[in-house]
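Here are some remarks on the model you sent, set out as numbered points. Please read them with the structure open beside you.

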Amino acid sequence: KLNFAKRMSYIKASEIREMLKVTEQEDVISFAGGLPAPELFPIDEINEINQIVLKEAGTKALQYTTTEGYVPLREWIANRMNERLGTTFDKDNILITHGSQQGLDLSGKVFLDEGDIVLCESPTYLAAISAFKAYGCSFIELPTDGDGMMMDVLEDVLSNTPHIKLIYAIPTFQNPTGKTWSLERRRKLAELSAKYGVAVIEDNPYGELRFEGESLPSIKSFDEAGNILCTGSFSKIFCPGFRIGWIAGDKEIIRKYVLVKQGTDLQCNTIAQMTIAEYLKRYDIDKHIAKIVEVYRKRRNVAIESIERYFPDTIKFTRPEGGLFTWIELPEGISARDVLVRSLEKKIAFVPGGSFYPNGNKENTLRINYSNMPEDKIEKGLKTLGEVVKEYISQSK
C-alpha cells in the first residue's frame, strides 16, 4: 500500500462534479459551469493569426520562452490594468499563468504553510478553496452584504487571529454571488492589509464584463504597502481553451512566483501567448468584449425575469451588474443538493451552493450561470427549475 502525501487527504473529489457529468449530454439545459458562449469565440480571426505567427515567427513560437511570459503580451496587460483598474504596472509586474487558476495555486505555494489561515468571502469561488486547501490551510469565512465583505468583521478577525497569511477576494461580479464591492470597502481592505501585514489576492476574471453601472478601481490601486496581488485572465474575454491568464503585483513578490512557476511547468504555451498578442495588435478587443457584453446582458435579463416569474416568493436572489452568475437563496432547511437530484431528472443542471462555503453547512443556496445557454433555453430551464423548487418547498412543509 502506497503512502501518499498528507495533502491528498485535503483534496476530495466533488460528488457534485460527478453528478454534473450529465451536462455533457446534448439535451441538458445547464446553468452549472462558468462557461463562456462558444459562438462568440473569434475562430476565423484566430485561424488567420495562427498562420501569421507561424509564418513570421514559427521558430520562436514553437520554442521555449521565459517563465515570466511573452514580453509584448505582458506589456499589453500592464497597460490595460493601468488604464482600467488604476494600477501603475510595467511588464515586470506581470507573470503569465495557465489561467488565473494557476495564479491561485502558485499563491498557495508562495504564501501558505500547513496550519495557516486564509480569509475569504462567504461564499467564495469553489476552485480557489481547492487550490489553497492543498497546502493544508484552514479558512475563516467573512460575511458579505450588498457592498461586499464586511470590513468591521474583517478587522476584528485580523486583530484577534494568529497565522493569517492571505485574504482572498473577488470584488467585481463575485463568483458565485455576482456581487460587487463598493469603492469604500476596496479602499478599506487595502488599508487593513497594510496595517496587519497580510497579503491580498484580488481575483478579477469577470471585471471587463460589465452590463451597467460605473467601473471601479481595483483594490490594488489603493495599495501603499505592496501587499496586494491581482489575477486576470483571457478566458472570459477571449477564449478559455488557451488557458492564458496572469498574476500581477510588486516586482519582488512576482519574482517569488516566477521561482515556483519554474518548478511547476517552466512556462505557459508560447504559441498561445504570441497568438493572443498578435490578435490584440491587429483586432479591436474592446469591440469583441462589447459583443460579449451585449449577449450576456440579454441573457442576464432573461435569467432575472425568469427567476422573478417562475420561482416562489420565498427565495432571495442577486441582481449582478455584470459577470456570469446569479445566486439564489432558498428558504432555510431546503437542500439545493436534493433539488438538483430532482432537476437533473428533468434535464436541468446547476451547482448547489454548499460547495462554495469552505467550512460547509450552507446547503440552501445555488448558483446559476447565464452566459452559456441561449435565451429560449434559459427561460425554459428556469421555468422548469422554478417548478421543481416550488414542488420541493411545498412537500417539505
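**Notes on the sheet, two buried positions and the cores**

1. In this predicted model, K316 stands opposite E329 of strand β12. The strand β11 and its partner β12, the latter spanning residues 325–329, are paired in the antiparallel sense, and two bridges connect them.

2. That pairing belongs to an open sheet of four strands, which run in the order β11-β12-β15-β14 with antiparallel pairing. Its edges are formed by β11 (316–317) and β14 (351–352), each of which pairs on one side only.

3. Turning to another strand, S233 lies in β9, which covers residues 228–233. Is S233 buried or exposed? Its relative accessible area is 6%, and because the limit for a buried residue is under 20%, S233 counts as buried. Once neighbours within four places in sequence are left aside, the residues in contact with S233 are S100, I244, G245 and W246. There is also a polar contact at this position, since a polar atom of the S233 side chain lies 2.8 Å from the backbone nitrogen of S235.

4. A second position that I would look at is G381, which is placed in helix α12 (residues 375–396). The relative accessible area of G381 is 0%, so this glycine is buried. Which residues does G381 touch, if those up to four places away in sequence are not counted? They are I29, F31 and I348. As for G360, it is 21 residues from G381 along the chain, and the C-alpha atoms of the two are separated by 27 Å.

5. The residue I348, which G381 touches, is also touched by L385. With residues up to four places away in sequence again not counted, L385 touches F311, V339, S343, I348, F350, L366 and I368.

6. L385 also appears in the description of the largest nonpolar core, which has 103 residues, and in which L73, F132, F234 and L385 are the residues with the most contacts inside the core. Helix α10, residues 285–310, supplies the largest share of this core, namely nine residues. Separate from it is a second core of 19 residues, and among its members are I117, M151, A169 and V200.

Definitions and conventions:
Residues are numbered from 1 along each chain as its sequence is written. This is a predicted model: local features need pLDDT of at least 70, side-chain atom pairs count only at pLDDT 80 or more; totals for chains, interfaces and linings use all residues. Side-chain values use heavy atoms; hydrogens and water are left out. Buried means under 20% relative accessible area, exposed over 50%, partly exposed in between (1.4 Å probe, protein chains only). Contact means heavy atoms within 4.5 Å. Two strands pair if DSSP finds at least two bridges between them. A polar contact is a pair of N or O atoms within 3.5 Å; within protein, one must be able to donate a hydrogen and the other to accept it, and residues adjacent in sequence count only if both atoms are side-chain atoms. A nonpolar core is a set of buried Ala, Val, Leu, Ile, Met, Phe, Trp, Tyr and Cys residues joined through side-chain atoms within 4.5 Å.
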